Amino acid sequence: MIVRSVTADSIRRMEPQLLHSVNDSVATVVVQHPAKRNVMTAAMWRALPPLLDSLAADPGVRALVVTGEGGTFCAGADISTLRGSPEEAQGLAVRAEDALAAFPKPTLAAIRGHCVGGGAQLAAACDLRFAEEGALFGVTPAKLGVVYPASATRRLVALVGPATAKYLLFSGELIDTGRALRTGLVDEVLPAGELGQRVAEFTRVLVSRSQLTQAAAKEFANGRTDRDAYWSTQARGSGDTAEGVAAFLERRQPCFTWSVPTSG
């Protein structure tokens, strides 16, 4: 008989939770629920907005990666939460998704395996999505008789267009990385084993660029078009433009200093 000891650390690794770390100015949030292919529990949905707030306020964070533990991104929301109050469960997911979409710095979903239901909501709320070959994507409320949130529907339509959004929402069928790439659901598809390296390379590019440019572009791209004056004021006082031009003319890497305000 083989006896395996169960340590407190191993128990923690099995618990559904959101892990996070910050390395080289990149924050990484990991969805961990290995017993159920990283589905999001109500507690995990509830924990995401305050976690994002703390990372957004950290001046040492210049980009965010969202991923899942192991070979699965996120297989959706924990369906058992729908038995009690579906509206409350969906509200938690919407608030978490909106908080991720509003994160003021560049966000990237690194996707392996299943990215379905609530997982697709998380991925769509990120600015960019890189996927490993073999990943599968699905938006599955029609399988459960759930009305997909209006905000999530609009976000999906903005990514893939109304025809593909209707295909996904009406059928609940899964699509592969080839179709996801063609329709704009993902930005890059990487061979097996290369996703981590590519994400690390690309986030190094992101953190080297002007946060001023990125933050303004993110607001404008997301439909916030009433802040031209605000961003013009920020640009004049930042010094980033002068530094960028000087670095270009001197053929060196720029050192941008503007950072996202903690409020405003």
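This is a short tour of two pockets, a small sheet and one buried leucine in a predicted model.

**Stop 1: the largest pocket**

Select Ala101, Asp127, Lys218, Glu219 and Asn222. Of the 39 residues that line the largest pocket, these are the closest to its centre. The pocket has a volume of about 1000 Å³. A general point helps here: rolling a probe the size of a water molecule over the atoms shows where empty space is left.

Now colour the elements around this pocket. Turn on α2 (42-56), α4 (118-125), β6 (128-132), α5 (150-171), α8 (211-221) and α9 (228-238); each supplies at least two residues of the lining. Which element gives the largest share of the lining of the largest pocket? It is α8, with 7 residues.

Next, colour the lining by residue class. You should find 22 nonpolar, 7 polar and 10 charged residues in the lining of the largest pocket.

**Stop 2: the second largest pocket**

Move on to the second largest pocket, which holds about 510 Å³ of space. Select Ala77, Ile79, Gly117, Gly118 and Leu144. Of the 30 residues lining the second largest pocket, these lie closest to its centre.

Show α2, α3 (86-101), β5 (114-116) and α4. Each of them gives at least two residues to the lining of the second largest pocket. The largest share, 3 residues, comes from α3. By class, this lining has 17 nonpolar, 9 polar and 4 charged residues.

**Stop 3: the three-stranded sheet**

Keep β5 on screen. Add β7 (136-138) and β8 (175-176). Together they form an open sheet of 3 strands in the order β5-β7-β8, with mixed pairing. β5 and β8 stand at the edges, each with a single partner strand, so one side of each has no neighbour in the sheet.

Zoom in on β5 and β7. They pair in the parallel sense over 3 bridges. Pick cysteine 115, then find its bridge partner in β7, phenylalanine 137.

Bring back α4. This helix lies across β5 and β7, and runs at about 90° to β5.

**Stop 4: leucine 195**

Last, select leucine 195 in helix α7 (195-208). Is leucine 195 buried or exposed? Leucine 195 is buried, because its relative accessible area is 0%.

Show its neighbours. Beyond residues up to four places away in sequence, leucine 195 touches Ala110, Ile111, Arg112, Phe130, Ala131, Glu132 and Leu190. Finish with a distance label to alanine 110. Leucine 195 and alanine 110 are 85 residues apart along the chain, and their C-alpha atoms are separated by 7.3 Å.

Terms used
Residues numbered from 1 in each chain as written. Predicted model: local features only at pLDDT ≥ 70, side-chain atom pairs only at ≥ 80, totals over all residues. Heavy atoms only, no water. 1 Å grid on protein atoms, 1.4 Å probe; cavity = no way out; pocket = protein on both sides within 12 Å on 5 of 7 lines; lining within 4 Å. Points joined across faces, edges and corners; volume = space filled by probe spheres on them. Helix = DSSP H or I, 4+ residues; strand = E, 2+ residues; numbered from the N terminus. Nonpolar A, V, L, I, M, F, W, Y, C, P; charged D, E, K, R; others polar. Buried < 20%, exposed > 50% of the residue type's maximum accessible area, 1.4 Å probe, protein only. Contact = heavy atoms within 4.5 Å. Pairing = 2+ DSSP bridges. Axes fitted to C-alpha atoms, helices over the stretch in contact; angles between N-to-C directions.
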